[in-house]
Amino acid sequence: MADVKKEHELIVTVSPHVRDEETTSRIMWTVNLSLLPAFFMGFYFFGLKALFITALCIISSVLSEYFFQKAVKKKLTVNDGSAFLTGLLLGMNLPSSLWSFNPFTIHVPIIGSVIAVVITKQFFGGLGYNIFNPALIGRAFLLISFPKAMTIWTEPTAAFLALDAKTTATPLGILKEDGIAKLIEAFGDKLNLYAELFNGHRAGSIGETSVLALLIGAGFLLYKRYITWHIPVSFLGTAAALAWIFGGKNPETGKMLLFAGDPLIHLLSGGLMLGAFFMATDYVTCPAVRKGQIVFGIGCGALTMLIRIKGGYPEGVMFAILLMNCFAPLIDRSMKSDVFGAVKEKKK
Amino acid sequence: MMALATFKGGIHPPDKKDLAKDKAIKEAKSPQRVVIPLSQHLGAPCKPIVSIGQEVKKGEVIGEPGGFVSAPVHSSVSGKVIAIAEFPNAMGRMVNSIVIENDGKEEWASLKDNPDYIKLSSDELKEKVKAAGIVGMGGAAFPTLVKLSPPKEKPIDTVILNGAECEPYLTADYRLMLEKSSDIVEGLKILMRILGVNKGFIGIENNKPDAIEKMKDAARNEPNIEVCGLEVKYPQGAEKMLISAITGREVPPRALPMDVRVVVQNVGTALAVYEAARYGKPLIERVVTVTGEGIKTPANLMVKIGTLISDIVEECGGFKDSAGKVVSGGPMMGFALSTLDVPVTKGTSGILVIPEEGVVHAEEYGPCIRCGRCIDICPMGLMPSMLSILPEKGHYEDAKEYNLFDCFECGSCAFVCPSKRPIVQLIRLAKSLTKP
């Protein structure tokens, strides 16, 4: 049919021929953006040190991804925002007191970033293939390797330079060591305790303290449908229920008093909000099927409270999420999505 | 109005129907020659019954069905057979085809008006459908006669006409529903009579309110026929999704609509059935939407089967600038053409021209980040993420554990994937390298 032949270079691909505008890097950068309110509150309360620590984590995360990919001649993906996100999350999970030259601990965040990006993510094949949440492995490594430096908490002075900030204990630390009465005393009264915990005016990791700011960021992600309710609700719900059931203590004997715990204190303190909305929901390391995510969230909540109430650490969110990360592939395998028509087939 | 019928999952691609929706159906120019493939349907190819040099009339049988799951093909022009040889089809396969040079006389073999067609028996009507070579005109091109001949142990109680036209850009069914509404209703009545069914539905997506009104009006004296507005969502027009939306019945995996007592036919097919029953007219032409940002004048054309796509593109003013992709069918499930010298067949619903800047280049895809979007939207409830990861690593057999063969390749997963992964391609690869 030479007479009707036209010279065109036509592109041939498999369908579909239209695609949604969403991209992986847009998702990653949006999550980075949603963390900014909480980071800003950390900066406000803990001053320049908070900014330096977080910036140090971001820079070393991005650089270690860049140099690793260069070294093994892989495609460079530092622009996709995922190494930036790992650095930001790691920084927000560290105490601002790490910015200290005497004793010298500046190297600690750098080591954490390299562990997070190179060993946890790139050694397993890069984005999409890691089993554990990179930022949390980075933090866990640091907590075990530098137990002292990682648990020096400074008062939230809300002073820019914060040079004179005294060290203090976190609310969960006080709760574990001295009990609920001492914790309420430290904040004046119970209502003030709740209010300060909600605003973030308390000792803790840079980005975890302000529940208000975290909820703003989480609300944005939920609105954009980048995350769904399944993990946060099951995580927080389980933690609250267990805090209520097992979190109470008889003030005289010091023994466990059932159904007498204060779930609100547990929800508002530690890294629970940051973990439930921003870390447990990490796409790569949580189950992909919604019903599996509920199981995952329940597991995270239960392990968190087990560690907080019975374990050696005052805080358990990090280890809880990491332990559940191991189960995510198993959950996805055993709780597959419901195939259309298959349920009714069984009933017949 | 009642809540719109729909199914679980699905996506909302931009519908882009404005490009062609207001163009009334126009008779395409009769081409100088037609290339009529002997296999335009699912099932056995036809055997040619003409020889080179033979004169044929319009509507004359030129290929006889090669089995039960097959359908005869007819000449769409009057003229002389000049070649019987293998030619490429829209899917890129070489298919034995008959080339006929058009003498321009448009001489019909036989057309007879039988206004009493509705009094014919079920078997007589089936004979007409068979003789006319009718196949599903929504795209899959499954021989209609087979769907109308369910085994005795599978009783049918409902016929659904598919007017969803959920593929973006396409407007062929929409125009038919506007312009031939009462003929389509007649077609549905014939289908119901053949199957001995007294419940008929016409499912139409809610972005075509005027088509819904027209069809309701055409069916106003038919108490057994109900026009059903459907939520605008892709793939609303997939057979299983449509049945679930309208009747609430779910076709089990690997089963057929007849297993839930339903037969689904496209509205275009219903029209062809009507024309076959009334006039004995074989399926030799169909409406094709020529559309896309890359074509000069979008149109809905009544095209003779066998017309080359290059002729149609020329009739529509050609490409605007340089065409990046030309797709036979819709953007979600259509086939990208490597050459325009392929014929329109009974299943060609559209020709979509995507300009170069609109082409999604698939080679730059990223790893699966397990975001779960594809799982949320898969209308079949599958896990496309795993169905792309496993074949990517060569684990084809393992993909079967994730119900590989229940996928009907609607492309919704690849549409939503933020890493732009070629999920459908990987699924097809796994399917071709394993056995169900």
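How many bridges pair strand β10 (residues 200–205) of chain B with β11(B), and in which sense? The two strands pair in the parallel sense over six bridges; strands count as paired if DSSP finds at least two bridges between them. Strands (E, at least two residues) and helices (H or I, at least four) are DSSP runs, numbered from the N terminus. The model is predicted, and local features need pLDDT of at least 70, side-chain atom pairs count only at pLDDT 80 or more, and totals for chains, interfaces and linings use all residues. Residues are numbered from 1 along each chain as its sequence is written, while chains are lettered from A and ligands numbered from 1 in the order in which they are written.

Within the β10–β11 pair of chain B, Val227(B) in β11(B) is the residue opposite Ile202(B). Helix α5 (residues 209–218) of chain B joins β10(B) and β11(B) in a right-handed β-α-β unit; right-handed means that, with the strands pointing away from the viewer, the path from the first strand over the helix to the second runs clockwise.

Both strands belong to an open, parallel sheet of four strands in chain B, ordered β11-β10-β9-β12. At its edges are β11 (225–230) and β12 (262–266) of chain B, each of which pairs on one side only. From one strand to the next the twist averages 25°. Strand β9 (residues 158–163) of chain B pairs with β12(B) over five bridges, in the parallel sense, and Val262(B) is the bridge partner of Thr158(B). Helix α7 (residues 267–279) of chain B packs on this sheet, where α7 touches β9 and β12 of chain B, and its direction makes about 85° with that of β12(B). Such angles run from 0 to 180 degrees between N-to-C directions, with axes fitted to C-alpha atoms, for helices over the stretch in contact.

Contact between two residues requires C-beta atoms, placed from the backbone, within 7 Å. Leaving aside residues up to four places away in sequence, Leu188(B) touches Val159(B), Leu161(B), Gly200(B), Ile202(B), Ile225(B) and Ala270(B).

A further open sheet in chain B is antiparallel and has three strands in the order β3-β5-β6. Its edge strands, β3 (47–48) and β6 (73–74) of chain B, each have a single partner strand, so one side of each is left without a neighbour in the sheet. Strand β5 (residues 61–64) of chain B pairs with β6(B) over two bridges, and Val61(B) stands opposite His74(B).

Chain A contains 16 helices and four strands. Its C-alpha trace spans about 95 × 60 × 30 Å along the principal axes.
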